[in-house]
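Reader: I am new to this structure and would like a friendly walk through it. Could we look at it together?

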Amino acid sequence: QRSSLHETTNGAEEQSRWQRRTEKRRQRTEELLNSIELQSEKLNNLKIPTLGIPQSSAIDWDEIDPELDPIRGGKLRQGSQRGLRKRAQVEAFHFVVSAILNAQPPSDVTIIDAGCGAGNLGVSLAGLSYSSSINIKVLAVDVNEHALARLSNRADAILSPAKLETFCADLANYDLILSKIPPNHSVIVVSLHACGAASDMAMNLAIRCNAPFILCPCCTAKSLTKRSPSNTEERTTFDLSASFQRSGASADIEYPRSKWLMGKLHDNGVVNMALEDKYTLLAKVADIGIGPQTLSQQRQQQARAKKIVELDRLLAASEEHGYDVRLMRIRDHDPLVYSKGDLLIGGKDIAETLINLPGEEIQ
């Protein structure tokens with residue numbers, strides 16, 4: 001009985017210590033978010049609109065080839081929330097790609113689907129129609145050979161190699177990927193839920209060739225892992241079989257990305273933490289929040305942190321490379337319900353196109 005009582009007491013004390021540590025982290029998070037928001041007019045004035053797609057531009061999923069549908073072609077359960085979200089994501093990317101093409105219609109375009117996975121986005125973009133007669137090809141890039149094999153099995157029956165090509169490569173290998181682009185092709189880079197720093201690599205890939213990008217990032221905390229060589233004597237090789245290495249930051253990516261957020265964290269004297277620790281806290285909260293809280297409280301804090309992290313990414317493209325940028329949200333992706341719906345759009349000389357994208361401000 002004494003032993004049982006001792007174990008119970010120790011367990012209660014350990015839980016109490018954990019609760020105090022968690023409460024301290026929550027308090028630091030709230031102080032950090034408040035301090036950034038209070039000193040940033042740019043952030044306070046930013047409302048994230050939901051991308052509104054006119055009915056005339058909506059995809060009729062019942063009329064297209066079933067393989068182009070992420071539910072039927074991607075073998076997702078009919079009527080499931082995941083399947084409906086995938087449709088909304090494909091529709092959003094297709095609409096923005098179309099808007100960019102209509103504003104600057106080139107004759108031939110390669111859409112790089114960076115971190116394509118099994119192809120729910122890339123297969124659809126390759127097979128769907130566009131308003132103008134443009135030759136569209138999708139280059140589906142992923143480091144996962146098994147995912148590319150699944151994509152090919154799905155696409156081979158309906159898409160020719162002239163419409164879709166797969167390429168197994170690390171997203172950090174920008175020059176190798178761009179070597180696959182025909183000389184007469186313009187480029188648009190898209191990326192849907194490329195984990196962690198893979199979304200930053202997709203952005204860097206676009207910037208490398210002055211191309212527009214459309215990104216929907218996820219798993220911001222995974223970007224905090226720095227890739228480590230699998231052989232200390234061979235500093236150029238990495239073990240990309242590990243998920244955390246694939247989504248970890250390559251040597252050319254540093255956080256925060258922008259001078260804007262770097263300045264806010266440097267000038268922040270409210271929270272007594274090192275700059276790197278402040279960004280780490282932001283990225284983790286943006287990804288998973290901090291518990292235990294009510295789900296609503298956790299989601300609200302998570303949405304505030306993610307807004308800062310994604311704005312940091314966009315402003316890096318704007319500050320360093322002169323990109324016009326806009327942050328939007330995919331429909332039916334309420335951040336208080338599902339946190340992976342932010343749409344990061346950027347490009348050179350596309351300010352008018354971005355402004356004209358229809359959006360309803362809900363935040």
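Author: What follows is a short set of questions and answers about this predicted model.

Reader: Which strand pairs with S6 in the antiparallel sense?

Author: Two pairings involve S6, so the sense of each must be checked. Strand S5 (residues 186–195) runs parallel to S6, joined by 5 bridges. The antiparallel pairing has 3 bridges, and within it isoleucine 214 stands opposite isoleucine 345. The strand asked for is S10.

Reader: Which residue in S6 is the bridge partner of leucine 192?

Author: Strand S5 covers residues 186–195, and S6 covers 213–218. S5 and S6 also belong, with helix H7 (residues 198–208), to a right-handed β-α-β unit. Across the bridges, the partner of leucine 192 in S6 is cysteine 216.

Reader: How many of the residues of S6 are buried?

Author: Let's take the two faces in turn. On one side Phe213, Leu215 and Pro217 are buried, and on the other Ile214, Cys216 and Cys218 are buried too. Both faces are therefore covered, with buried meaning under 20% relative accessible area. The count of buried residues in S6 is 6 of 6.

Reader: Which residue of S6 is among those that touch the most other members of the largest nonpolar core?

Author: That core has 55 residues, and those touching the most other members are Ile112, Ile177, Val189, Phe213 and Leu282. One side of S6 includes Phe213. Its contacts, not counting residues up to four places away in sequence, include Val189, Met203, Leu344 and Ile345. The residue is Phe213.

Reader: Is cysteine 219 buried or exposed?

Author: Cysteine 219 is found in the loop between strand S6 and strand S7 (229–231). Its phi is near 55°, a positive value in a residue other than glycine. The relative accessible area is 14%, and because the cut-off for buried is under 20%, cysteine 219 is buried.

Reader: And is aspartate 349 buried or exposed?

Author: Aspartate 349 also has a positive phi, near 60°. It lies in the loop between strand S10 (342–347) and helix H12 (351–356). With a relative accessible area of 68%, and because exposed means over 50%, aspartate 349 is exposed.

Reader: What is the omega of the cis peptide bond from tyrosine 255 to proline 256?

Author: To find the place, look at the loop between helix H8 (243–246) and helix H9 (259–266), where proline 256 lies. The bond leading into proline 256 from tyrosine 255 is cis, with omega near -5°.

Key
Residues are numbered from 1 along each chain as its sequence is written. This is a predicted model: local features need pLDDT of at least 70, side-chain atom pairs count only at pLDDT 80 or more; totals for chains, interfaces and linings use all residues. Side-chain values use heavy atoms; hydrogens and water are left out. Helices (H or I, at least four residues) and strands (E, at least two) are DSSP runs, numbered from the N terminus. Buried means under 20% relative accessible area, exposed over 50%, partly exposed in between (1.4 Å probe, protein chains only). A crossover is right-handed if, with the strands pointing away from the viewer, the path from the first strand over the helix to the second runs clockwise. A nonpolar core is a set of buried Ala, Val, Leu, Ile, Met, Phe, Trp, Tyr and Cys residues joined through side-chain atoms within 4.5 Å. Contact means heavy atoms within 4.5 Å.
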